[in-house]
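Thanks for making time. I have one structure for today, and I will go through it in a few minutes. Please have a look at it first.

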Amino acid sequence: MNGAHRRRSNNRYLDGRIEKRLPTSVPVYLASLEEPRSRERTLTENVSPHGVRVISQRLWQSGEESLITPLTGEFPQVGRVIYCLPKAGDRFFVGVEFSDRTVKWGEHSSG
């Protein structure tokens, strides 16, 4: 049973990383939890129930906590930065994981 429990835990973690991502552009505010008033308006690049990839004007550190607020009036989502990759034009691709909740981006952005 311990092996089955461990596998389920690992699959749950992996599902958040390998689940289907939708190329959805949602306007959001992105801010660091340490500086929530210093937010930037940006767009998502793709979304999944357990994470999002956004475009940012600044370099983020892996493990940094972020606050993502959709402009559609949805409540803010707290996430943890998984990666930050350079993009052309002094921008960055930032991958954010939502570990303790599932976000239903498709339902909110397709209306």
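I will start with a single pair of residues: Ser-32 stands opposite Glu-35 in β2. Keep in mind that this is a predicted model.

That pair belongs to strands β1 and β2. β1 covers residues 27–32 and β2 covers residues 35–48. The two pair in the antiparallel sense, with 5 bridges. What do they form together? A hairpin, with 2 residues between the strands.

β1 has another partner. Strand β4, residues 65–70, is joined to β1 by 5 bridges, and this pairing also runs antiparallel. As a reference point on that side, Val-28 has Pro-70 of β4 opposite. So much for the pairing of β1: β2 is one partner, and β4 is another.

Now the whole chain. How many helices and strands does the protein have? There are 2 helices and 6 strands. In order from the N terminus, the elements read α-β-β-β-β-β-β-α. In that order, the six strands sit between one helix at the start and one at the end.

Next, contacts and surface. Taking contacts between residues at least 6 apart in sequence, 53% of them join residues at least 24 apart. The protein has 111 residues, and 36% of these are buried. The exposed area is about 7400 Å². Which atoms supply 49% of that area? Carbon and sulfur.

To recap, the pairs to look for on screen are Ser-32 with Glu-35, and Val-28 with Pro-70. That is what I have.

Definitions and conventions:
Residues are numbered from 1 along each chain as its sequence is written. This is a predicted model: local features need pLDDT of at least 70, side-chain atom pairs count only at pLDDT 80 or more; totals for chains, interfaces and linings use all residues. Side-chain values use heavy atoms; hydrogens and water are left out. Helices (H or I, at least four residues) and strands (E, at least two) are DSSP runs, numbered from the N terminus. Buried means under 20% relative accessible area, exposed over 50%, partly exposed in between (1.4 Å probe, protein chains only). Contact means heavy atoms within 4.5 Å. Accessible areas come from the Shrake-Rupley method with a 1.4 Å probe; for residues, only the protein chains shown count as cover. Two strands pair if DSSP finds at least two bridges between them.
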